[in-house]
Amino acid sequence: MNWLTGWKKKIGIKVKKIFKKQPVGQQETDWKNCPQCKKISYLPDLIANSYICECSFHFDLPPKLRLDSLFDSNYEIIEASRAVDPDPLKFSVKDGAREGYKYIDKIKKYREITKQHTALLCASGTISNLSAVVVCFNPKFGGGRFGPAENEHFLMAANIAIQKKVDVWIVVYQSSGIDVHSGITALAGMTKSVVAMNEIKKAGIPTFAVAARAVAGGTLASSYYLHDFLIIENKLVENILFSGRRVTQNILKDADAIPEDYGRGDGIMKAGLADIVLESRKELKDIVVRLSSIILKKELLDKKDSTSDISEEQIPTSLQKTSEAI
């Protein structure tokens, strides 16, 4: 070992010690800083308002609260299989800037933070008078990764939806795409999710895709666009695109080729790639119940028992035509 190698190792050890002292991951506090209006909001107030700031910016809604807001009361969690290896390639970095890095350690950290086994939280229950299976991506679990474990979890939820012959299938997308650390085994999830969607459609179950955050890569390119209804949770949702703005712009080599609203809720709607953009996530349950009831020709619950206050006239004409065609 020469003096330069020894010096590098000493510096490296000191840097690692410094970083070990820093807090790891997103720490939940009683205050949230809004990236849009810069106002600091008290967390209990945000929770009471479905994680929506006064300026209408929508923070990520934890999947558990999402299920609570959609289902009427009790619902059954669809547990993920423990037999699926989330890191089949045993991905690790032996040297370089991330020496000693093991991807499985990161997955364990995601599980510890989210209390979930995969990036999906799935459940079955009743929404108004409709039986439903709901799948929620959790962005705190690797950006809503879609890896081998998530593939099987998605299929499991789809199988239960078909077996129970539920009225509606809802997927709330908050996914950065296919998990690159898992290689071809993760990419197979694109095909698997497409097959699952086709089987659900064969069963005559209306399907709803809800873009609640970034929806990108293989997740966008597979199951997302196979749904009967494409709903964007609010007009401020961004990054509904296959590849990032900068990557796309580099490919096109033209500064004017990408519009300002590229990948944004209003731009997606203008391009005809969505059916509706909601003003607020609070409208989601009402619009799903109303549309599903029209499609399935089911009676809605009495007004006093139903949370729905959206009349058929309030549903966009494009959605009414879509429902009639199904």
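**Close-ups from a predicted model**

**View 1. Ile40 and its nonpolar patch.** Isoleucine 40 sits in strand β2, which covers residues 40-42. The model here is a predicted one. Ile40 counts as exposed because its relative accessible area, 53%, clears the over-50% cut-off. Together with Trp31 and Tyr42, Ile40 makes a nonpolar surface patch of about 340 Å².

**View 2. Asp179, tucked into a loop.** Aspartate 179 lies in the loop that runs between β10 (177-178) and α6 (183-202). With a relative accessible area of 5%, Asp179 is buried. Its side chain has a polar contact of 2.9 Å with the side chain of Ser182, plus another of 3.2 Å with the side chain of His181. Leaving out residues up to four places away in sequence, Asp179 touches Tyr103, Arg145, Phe146, Gly147 and Ala186.

**View 3. Phe146 meets Phe154.** There are twelve aromatic pairs in the structure. One of them joins Phe146 and Phe154 edge-to-face, with 5.9 Å centre to centre and 90 degrees between the planes. Both rings belong to buried residues: Phe146 has 3% relative accessibility, and Phe154 has 1%. Phe146 also turns up in View 2, as one of the residues touched by Asp179.

**View 4. Tyr224 and Tyr225, neighbours in sequence.** This is another edge-to-face pair, at 4.9 Å centre to centre with 80 degrees between the planes. Tyr224 is buried at 0% relative accessibility, whereas Tyr225, at 34%, is partly exposed. Zoom out and both tyrosines are part of one aromatic cluster with Phe137, Phe146, Phe154, Trp169 and Tyr173.

Definitions and conventions:
Residues numbered from 1 in each chain as written. Predicted model: local features only at pLDDT ≥ 70, side-chain atom pairs only at ≥ 80, totals over all residues. Heavy atoms only, no water. Patch = residues over 30% accessible without salt bridge, like charges linked within 9 Å, V, L, I, M, F, W, Y side chains within 5 Å. Areas by Shrake-Rupley, 256 points an atom, 1.4 Å probe, with all protein chains shown as cover. Salt bridge = Lys/Arg side-chain N within 4 Å of Asp/Glu carboxyl O. Helix = DSSP H or I, 4+ residues; strand = E, 2+ residues; numbered from the N terminus. Buried < 20%, exposed > 50% of the residue type's maximum accessible area, 1.4 Å probe, protein only. Polar contact = N/O pair within 3.5 Å; in protein donor to acceptor, adjacent residues only side chain to side chain. Contact = heavy atoms within 4.5 Å. Phe/Tyr/Trp six-rings, centres within 6.5 Å; stacked < 30°, edge-to-face > 60°.
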